[in-house]
Amino acid sequence: MGVTDILAELVRINSVNPEWAGPGERDVALWLENFLKSRGIDVSLDEVLPGRPNVIARIPGRNPDRRIVLEAHMDTVHANEMDISPFEPEIRDGKLYGRGSVDVKSGLAAMAFALTNLKEPPCEVWLAAVIDEEHAYRGVLGLIDQLPGAEAAIVAEPTLNRIVTANKGVLRWKIRTHGKAAHSAKPHLGKSAIMEMSKVLQAIDNDHLRLAANAHPLVGSPTCSVGTIKGGTQVNIVPDRCEISVDRRMLPGERATEVLAEYQALLAGIDAEFLPPDLIDEAMETPLDSKIVKISQDVMNRLGGNPEPIGVPFGCDATKLSRAGIPSIIFGPGSIDQAHAATEFVDLAQVEFAAQFYEDVVMNFDGG
């Protein structure tokens with residue numbers, strides 16, 4: 001079974017995250033378990049949440065005290081309103097179409113295929129296929145406790161087969177303004193929470209120039225976006241409450257507590273309440289002289305790829321592995337522009353290249 005066949009089988013299985021009313025990852029996990037066991041590979045399932053197991057496959061190495069981890073998630077976002085049949089993989093013009101084809105079943109297929117080709121690697125190799133990356137990262141958080149001694153990790157995400165050593169973090173929280181309800185015929189008897197929120201929105205918008213002036217060489221400037229707003233109950237009542245959801249992308253080196261303090265200072269003159277953060281995932285930056293980066297660059301040179309490390313604006317499981325002390329890179333076929341899209345696809349030549357990259361990095365991850 002080639003890497004394209006593996007990818008097609010994975011896409012055929014609906015693994016939409018239960019957050020979007022999907023069945024979850026179990027059927028993908030069971031397929032992977034069966035496939036890898038049929039190739040003589042040691043596989044175990046670790047049930048992180050009820051009916052939602054991580055898959056951990058192990059290849060013994062010449063040095064059993066050393067370990068490298070290949071990691072990819074099994075869940076996808078919802079498949080509503082897609083322009084293609086989401087779970088009927090179709091190949092056209094060298095591309096495979098379907099939900100999850102690029103995010104990130106192509107990377108998972110390439111890692112699984114690479115694993116079947118390994119012969120006496122220099123160290124122990126783990127393939128970890130995890131749950132829940134598209135929602136709350138509970139799969140990778142459940143994995144980390146099992147990874148003492150891991151020296152490096154490669155996380156599959158669509159990077160156009162470029163070596164990613166830095167990515168932005170994300171901080172999400174809600175801001176609420178309060179007012180006083182009154183009849184809209186006498187608005188002076190009340191206080192509009194929506195009008196108070198307009199001051200918050202204007203202050204955040206004015207702050208974009210400050211953010212743009214602070215740039216990281218690989219990931220660019222931090223950004224701030226207001227994604228939702230809710231306020232009022234009906235048109236003839238002065239609203240007594242309004243709430244927005246804020247998404248702030250953080251640079252390597254930024255800390256969530258410091259970022260929140262900046263916004264509290266920015267809005268100090270406005271009657272605004274900060275709710276506890278919904279998500280904190282601080283950025284990653286792996287040193288360019290780390291072993292996993294150096295070996296990856298050497299492999300890219302031999303394969304004729306671009307060895308220059310880059311950064312990406314999106315978050316993924318790599319940040320959690322990095323914070324656990326495991327030097328990590330992000331690498332995988334396809335473009336993030338096709339991820340979550342109505343027409344999702346991946347270039348199959350890139351999938352084949354990625355499989356060779358994963359295999360070669362592992363086989364060259366010696367003790368030097």
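How many bridges join β3 to β7, and in which sense do the two strands run? Let me start there, and good morning, everyone. The answer is five bridges, with the strands running parallel. One thing to keep in mind throughout: what we have here is a predicted model.

So, β7 to begin with. This strand covers residues 150-155, and five of its six residues are buried, so the strand is mostly covered. On the β3 side, Glu 71 stands opposite Val 155 in β7. Strand β7 also pairs with β16, residues 328-330, through three bridges, and that pairing is parallel too. Val 155 turns up again here, with Ile 330 as its bridge partner in β16. If you have the structure open, Val 155 is a handy place to put your cursor: look for Glu 71 in one direction of pairing and for Ile 330 in the other.

Let's move along to β11, residues 241-250. Is this strand enclosed or open to the outside? Eight of its ten residues are buried, so β11 is largely enclosed by the rest of the structure. Its pairings are with β9 and β10. Strand β9, residues 169-178, pairs with β11 in the antiparallel sense over ten bridges, and there you can find Val 170 opposite Arg 249. Strand β10, residues 223-231, is also antiparallel to β11, over eight bridges. In that pairing, Ile 229 stands opposite Ile 244.

Those three strands bring us to the largest pocket. Each of β9, β10 and β11 supplies at least two residues of its lining. The volume of this pocket is about 620 Å³. Which residues lie nearest its centre? Out of 27 lining residues, they are Glu 134, Tyr 137, Arg 172, Arg 249 and Leu 279. You will recognise Arg 249 as the residue of β11 that sits opposite Val 170. As for the makeup of the lining, eleven residues are nonpolar, ten are charged and six are polar.

A simpler piece of sheet next: the hairpin of β1 and β2. Strand β1 takes in residues 42-49 and β2 residues 52-59, and they pair in the antiparallel sense over seven bridges. Asp 42 has Arg 58 as its bridge partner in β2. Two residues lie between the strands, and in this hairpin Gly 51 takes a positive phi near 75°.

That leads nicely to the backbone geometry that I would like us to look at together. As a reminder, most residues other than glycine have a negative phi, and most peptide bonds are trans. Here are two residues on the positive side. Ala 21 has a phi near 65°, and its place is the loop between α1 and α2. Glu 81 has a phi near 55°, in the loop between β3 and β4. Are these two buried or exposed? Exposure is counted from over 50% relative accessible area. Ala 21 comes out at 76%, so it is exposed, and Glu 81, also at 76%, counts as exposed as well.

There is a cis peptide bond to point out too. It runs from Asp 103 to Val 104, with omega near -5°. Val 104 belongs to helix α3, residues 101-117.

Now for some helices, with α10 leading the way. This helix has 16 residues, 348-363, and reaches 23 Å from its first C-alpha to its last, close to the expected 22 Å. At its start, a side-chain oxygen of Asp 347 comes to within 2.8 Å of the backbone nitrogen of Ala 349. The buried residues of α10 include Leu 348, Val 351, Phe 357 and Tyr 358, and among them are also the charged Glu 359 and Asp 360.

Two last stops, both brief. In helix α9, residues 318-323, we find Thr 319. This threonine has a relative accessible area of 0%, so it is buried, and its side chain makes a polar contact of 2.9 Å with that of Lys 320. In helix α7, residues 256-266, look at Ala 256. With a relative accessible area of 3%, Ala 256 is buried. How far is Ala 256 from Glu 282 in sequence and in space? The two are 26 residues apart along the chain and 7.0 Å apart from C-alpha to C-alpha.

That is my tour. Thanks for listening!

How values were computed: Residues numbered from 1 in each chain as written. Predicted model: local features only at pLDDT ≥ 70, side-chain atom pairs only at ≥ 80, totals over all residues. Heavy atoms only, no water. Buried < 20%, exposed > 50% of the residue type's maximum accessible area, 1.4 Å probe, protein only. Helix = DSSP H or I, 4+ residues; strand = E, 2+ residues; numbered from the N terminus. Pairing = 2+ DSSP bridges. 1 Å grid on protein atoms, 1.4 Å probe; cavity = no way out; pocket = protein on both sides within 12 Å on 5 of 7 lines; lining within 4 Å. Points joined across faces, edges and corners; volume = space filled by probe spheres on them. Expected span 1.5 Å × (residues − 1). Polar contact = N/O pair within 3.5 Å; in protein donor to acceptor, adjacent residues only side chain to side chain.
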